Amino acid sequence: IHSSDDAIVLKSDYSTGKKLISNNITVVNTLASSTGCNGLQFGSETVGDFHDIHWINLTVTGAGKAGIGITSNDGATISNVHYKNITMSNVCTPIFMKLTARNRCPPPHTKSQIRDIYIEDVTAHHVEGSRGNWTSSWDSIPGLMVGPNINLKNVMLHVEGGGRRDDVKIHPPVDRHYQPRKLGVRPSYGLYIRNTVGVTFNNMSLSYDHVDYRPAAVITDSQKITFDRLAAARAP
């Protein structure tokens with residue numbers, strides 16, 4: 001699959017006049033690329049819930065936004081999602097999660113949620129897409145929290161690097177945008193985690209091609225973030 005829009009995407013809008021649930025979906029053994037948007041994506045239209053979704057044995061060879069993108073903007077709960085054996089290259093952002101409250105459906109509105117996510121055996125290299133390179137991020141607007149039960153195991157992110165010493169002072173904007181580039185340059189090269197609860201990293205590797213003076217990870221306004229066996233490159 002080669003596209004200028006999202007290569008493989010799950011969405012749910014209100015065009016039928018009701019909320020529809022999407023569940024028991026498996027995407028397997030596929031090569032995908034997007035020149036301008038996401039590789040493997042939820043949203044942006046996310047009115048109905050998504051659960052029991054499996055992404056298995058996939059290769060993403062390009063993404064102008066995220067290689068793996070999970071966004072809930074219209075009140076959906078995205079849960080019990082499994083990524084297994086994913087290889088990515090030429091993506092702007094390897095992994096991106098964002099919660100907003102756009103709410104493109106009639107009231108009463110529910111709170112957007114991302115929880116019970118399992119990401120295992122995932123590698124990303126040459127993290128440089130058509131719209132730059134942006135740190136993998138978990139984030140939400142005030143009043144919402146990504147999580148809990150976000151699990152990453154055997155994940156290797158090898159990014160371009162090149163961050164400056166002054167970049168550590170950057171505070172990304174808190175806003176309703178769900179595109180990775182809207183956060184701008186992050187104060188870390190590998191992971192930026194904000195407004196998130198309950199994430200476990202098991203056997204994680206973060207490295208870069210060009211010396212980066214930012215820390216590997218920045219975690220702010222978050223709770224219960226656990227690292228077990230983290231290897232991270234550090235500038236001299």
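Biologist: Which aromatic residues form one cluster here?

Modeller: Phe42, Phe50, Trp55 and Tyr83 form that cluster. Keep in mind that this is a predicted model. By the ring-pairing rule, the structure has six aromatic pairs.

Biologist: What makes tryptophan 55 and tyrosine 83 a stacked pair?

Modeller: Their ring centres are 5.7 Å apart and their planes differ by 5°. Rings pair if their centres lie within 6.5 Å, and planes under 30 degrees apart count as stacked, so both tests are passed. The two partners come from distant parts of the chain: tryptophan 55 belongs to strand 5 and tyrosine 83 to strand 6, 28 residues apart. Both tryptophan 55 and tyrosine 83 are buried.

Biologist: OK, and why is the pair of phenylalanine 201 and phenylalanine 227 called stacked?

Modeller: Try it yourself: the centres are 4.5 Å apart and the planes sit at 10°, so this pair is stacked as well. Again, distant parts of the chain are linked, with phenylalanine 201 in strand 12, phenylalanine 227 in strand 14, and their positions 26 residues apart.

Biologist: How do you know whether phenylalanine 201 is buried or exposed?

Modeller: Buried means under 20% relative accessible area, and phenylalanine 201 has 0%, so it is buried. Phenylalanine 227 has 30%, which falls between the 20% and 50% limits, so that residue counts as partly exposed.

Biologist: Back to tryptophan 55. Which residues does it touch, leaving out those up to four places away in sequence?

Modeller: Among them are Ile8, Leu10, Val27, Phe42, Val81 and Tyr83. Tryptophan 55 also turns up in the largest nonpolar core, which has 50 residues; Phe42, Trp55, Tyr83, Met97 and Trp138 touch the most other members. Strand 5 gives the most to this core, with eight residues.

Biologist: Does a polar residue get the same treatment? Why is serine 44 called buried?

Modeller: Yep, just put the number against the cut-off: 8% is under 20%, so serine 44 is buried. Serine 44 is part of strand 4. Beyond its neighbours within four places in sequence, serine 44 contacts Lys11, Thr71, Asn73, Asp74, Arg102 and Tyr178.

Biologist: Now charges. What makes arginine 194 and aspartate 139 a salt bridge?

Modeller: The closest N and O atoms are 2.7 Å apart. The limit is 4 Å, so the pair qualifies. Here too, distant parts of the chain are linked: arginine 194 is in strand 11 and aspartate 139 in strand 9, 55 residues apart. Arginine 194 and aspartate 139 are both buried.

Biologist: How do you know that lysine 169 and aspartate 166 form a salt bridge?

Modeller: The closest N and O atoms are 3.9 Å apart, and that is within 4 Å, so this one counts. Lysine 169 and aspartate 166 are both exposed.

Biologist: And why does arginine 115 count as buried, partly exposed or exposed?

Modeller: Arginine 115 has 28%, between 20% and 50%, so it is partly exposed. Its side chain meets that of aspartate 116 in a salt bridge, 2.7 Å from N to O.

Biologist: How many salt bridges are there, and which residues are linked in a network?

Modeller: There are eleven salt bridges. Lys11, Glu45 and Arg104 are linked in a network of them.

Biologist: Last one: what makes strand 6 and strand 8 a pair?

Modeller: Two strands need at least two bridges to pair, and these have eleven, so they pair; they run parallel. In that pairing, valine 81 stands opposite isoleucine 117 of strand 8.

Methods: Residues are numbered from 1 along each chain as its sequence is written. This is a predicted model: local features need pLDDT of at least 70, side-chain atom pairs count only at pLDDT 80 or more; totals for chains, interfaces and linings use all residues. Side-chain values use heavy atoms; hydrogens and water are left out. Helices (H or I, at least four residues) and strands (E, at least two) are DSSP runs, numbered from the N terminus. A nonpolar core is a set of buried Ala, Val, Leu, Ile, Met, Phe, Trp, Tyr and Cys residues joined through side-chain atoms within 4.5 Å. Buried means under 20% relative accessible area, exposed over 50%, partly exposed in between (1.4 Å probe, protein chains only). Contact means heavy atoms within 4.5 Å. Rings of Phe, Tyr and Trp (its six-membered ring) pair if their centres lie within 6.5 Å; planes under 30 degrees apart count as stacked, over 60 as edge-to-face and the rest as tilted.
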